[in-house]
Amino acid sequence: QEYDDMKTKELRQLSIEDLSKRKQELSEDLFKLRFKHGIRRLENSAKLGLLKKDIARVQTILAEKSAK
């Protein structure tokens with residue numbers, strides 16, 4: 001599965017349910033990448049950082065929507 005970067009504006013338009021699904025998908029991708037990275041070096045280890053930032057972005061927007 002190829003990693004795709006979502007912008008904050010796009011994420012804000014999603015429902016809480018969609019954001020939860022997105023967070024789950026990103027977490028699974030991060031787990032798989034970490035596993036691959038443990039076995040052998042990744043070609044692009046920066047993807048780990050990008051995934052972490054995207055997960056944090058989704059969590060922040062989820063918290064904002066839940067507070068409303």
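**Figure 1. Close-up of R22 and its salt-bridge partner E25 in the predicted model.** R22 is buried, its relative accessible area being 12%, a value under the 20% cut-off for burial. The side chain of R22 forms a salt bridge with that of E25, with a distance of 3.6 Å from N to O. E25 has a relative accessibility of 37% and is therefore classed as partly exposed. Both residues belong to helix α2, which spans residues 16-39. R22 and E25 are three residues apart, or about one turn of the helix. This view thus pairs a buried arginine with a partly exposed glutamate.

**Figure 2. Close-up of the salt bridge between D54 and R57 in helix α3.** The side chains of D54 and R57 meet at 2.3 Å, N to O. Within helix α3, these two residues are separated by three residues in number, about one turn of the helix. D54 has a relative accessibility of 3% and so counts as buried, since burial is defined as under 20%. R57, in contrast, is partly exposed, with 26% relative accessibility. Here the acidic partner, D54, is buried, whereas the basic partner, R57, is partly exposed.

**Figure 3. Close-up of the salt bridge between R12 and E64, which joins distant parts of the chain.** The side chains of R12 and E64 form a salt bridge of 2.4 Å, N to O. R12 lies in helix α1 (residues 8-12), and E64 lies in helix α3 (residues 46-67). The two residues are 52 residues apart, and their pairing links distant parts of the chain. R12 is partly exposed at 42% relative accessibility. E64 is likewise partly exposed, at 33% relative accessibility; the partly exposed class covers values between 20% and 50%. The structure holds four salt bridges, among them the R12 and E64 pair.

**Figure 4. Close-up of the second largest pocket and the residues that line it.** The second largest pocket encloses about 150 Å³ of space. Its lining consists of L33, K36, R40, L42, E43, N44 and K47. By residue class, the lining of this pocket comprises four charged residues, two nonpolar residues and one polar residue. The nonpolar members are the leucines L33 and L42, and the polar member is N44. K36, R40, E43 and K47 make up the charged group.

Conventions: Residues are numbered from 1 along each chain as its sequence is written. This is a predicted model: local features need pLDDT of at least 70, side-chain atom pairs count only at pLDDT 80 or more; totals for chains, interfaces and linings use all residues. Side-chain values use heavy atoms; hydrogens and water are left out. On a 1 Å grid over the protein atoms alone, a cavity is a set of points where a 1.4 Å probe fits but cannot get out, and a pocket is an open set with protein on both sides within 12 Å along at least five of seven lines; lining residues have an atom within 4 Å of a point. Grid points are joined across faces, edges and corners, and a volume is the space filled by probe spheres set on the points. Helices (H or I, at least four residues) and strands (E, at least two) are DSSP runs, numbered from the N terminus. Buried means under 20% relative accessible area, exposed over 50%, partly exposed in between (1.4 Å probe, protein chains only).
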